[in-house]
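Hi everyone, thanks for coming. Today I'd like to walk you through some charged side chains and one helix, so have a look at this with me.

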Amino acid sequence: MRQATVYIDQEALQYNLNRVKQLAPTAKIVSMVKANAYGHGVEACLAALSSTDAFGVACLEEALEIRELGYEQPITLIEGIFSGDEMQIVIEKKIECVVHHQQQLDWLRAHKDAYIAQGLKVWVKLNSGMNRLGFKVPEIIDVIHQLKAEGFTCVLAMHFANADADNHPLNEQQKNQFLHVKEACAPIMGSCCNSAAILKWPELNFDFVRPGIMLYGATPFADKSVEELDLKPVMTFTAEVIALNTIQAGEAVGYGSTFVADKDMYLAIVSIGYGDGYPRAFPKQNYVAINGQQTRVIGRVAMDMIAIDVTGIDAPLGTEVELWGKERLVDDVAEANGTIGYELLCRMSARPVRKLA
């Protein structure tokens, strides 16, 4: 059988969750498991995150999957509901909603008594400069005061646009707006820290933090590695050598003949490609790892195969090649691909076999 495999290290995931607890000891943790736990597989990840305080997802379907797997922690729909008929399901399954526009408020108020009776919090979204979702100041202050007067328990929520960037002027603007609204609506619970903010601004942890990428052992920063952040990669993506070729100087490799050997070389063909979720476009030289040693990817990535340079490397048929994981970090593959680790993890296809490490 073709061996393209994704290994999930549950101990690494638990380690990263404990790292969040160390960084935000007084806050409750809303572990973000949207997009199939960032491509890692939600069922395996929930088992490793069972000690989290709550989960965060993007849509009702993701929340219902968590409930079907038997987890009873609070769940927050970070984009809220998309239609009024979802509200009854939300209440029945004890799922909490973000509200970020008037129609969502209308749907919420239409089910006020049942929502409050279930002890569900309302997460009210502040648009402080991201300009995607949320109420701006001063509208959000009026919204929160009205909801509190009606008996709802509210959480003031915000999302940073540039928490990964040092000295970006919008960071201070967003902080100041959040603190202003929080004071104007006191007493109220607050949540504004994603992974980057958890790692940078402990004074902003407040009541709930929302770690995402750091749980999975990838970095939210372009200039800080997971080692520097004391995080452990959770996913290891591997495939096997299925053929070996010797080429001479002047011979080309792969579609478009974009690589031409400048010397005699020994190549291995590996059973992986963009059909599996391995990226195709590399503006920079990319590498894989074999037994802890990194070596070049040669020529274009195809749908099902890549070529790698194994000149001077012992790599017989069946040798396992790490595409990313603990030796070749997903963040480094992403950087060579001109993207971010988040994207590579989330766009994994269903082809590779999933296994626990």
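Let me start with a term: a salt bridge here is a side-chain nitrogen of Lys or Arg within 4 Å of a carboxyl oxygen of Asp or Glu. Please keep in mind that this is a predicted model. By that criterion, the structure holds 13 salt bridges.

My opening example is R19, which pairs with D230, with 3.9 Å between the closest N and O atoms. R19 belongs to helix α1, residues 10-23, while D230 is in the loop between α11 and β10, so this pair ties together parts that are 211 residues apart in sequence. How exposed are the two partners? R19 counts as buried, with 16% relative accessibility, and D230 is partly exposed at 33%.

Next, D166 and K200, whose side chains meet at 3.2 Å, N to O. D166 is in the loop between β7 and α9 and K200 is in helix α10, so here the parts tied together are 34 residues apart in sequence. K200 is partly exposed, at 23% relative accessible area.

Then there is K224 with D223, where the closest N and O atoms are 4.0 Å apart. K224 is partly exposed at 30%, whereas D223 is exposed at 52%. And for those who like networks, salt bridges link R2, D276, D304 and R351.

Now, which side chain of opposite charge is nearest to E62? That is K34, but at 7.8 Å, and E62 is buried with no salt bridge. E62 sits in helix α4, and beyond its neighbours within four places in sequence, its contacts are K34, A35, N36 and V57.

Let's go back to α1, the home of R19. Its 14 residues should span 20 Å at 1.5 Å a residue, and the end C-alpha atoms are indeed 20 Å apart. The buried residues in this helix are A12, L13, N16, L17, R19 and V20. They cover an arc of only 150 degrees around the axis, so they lie on the same side of α1. What do they pack against? Their partners are β2, α3, α10, β9 and α11. Over on the other side of α1, E11 and Q22 are exposed. One last detail is at the start of α1, where a side-chain oxygen of D9 comes within 3.1 Å of the backbone nitrogen of E11.

That's my tour, and I'm happy to take questions.

Key: Residues are numbered from 1 along each chain as its sequence is written. This is a predicted model: local features need pLDDT of at least 70, side-chain atom pairs count only at pLDDT 80 or more; totals for chains, interfaces and linings use all residues. Side-chain values use heavy atoms; hydrogens and water are left out. Helices (H or I, at least four residues) and strands (E, at least two) are DSSP runs, numbered from the N terminus. Buried means under 20% relative accessible area, exposed over 50%, partly exposed in between (1.4 Å probe, protein chains only). Lys and Arg count as positive and Asp and Glu as negative; His and the chain ends are not counted. Contact means heavy atoms within 4.5 Å. The expected span of a helix is 1.5 Å times one less than its number of residues. The arc is that of the directions from the helix axis to the C-beta atoms. A polar contact is a pair of N or O atoms within 3.5 Å; within protein, one must be able to donate a hydrogen and the other to accept it, and residues adjacent in sequence count only if both atoms are side-chain atoms.
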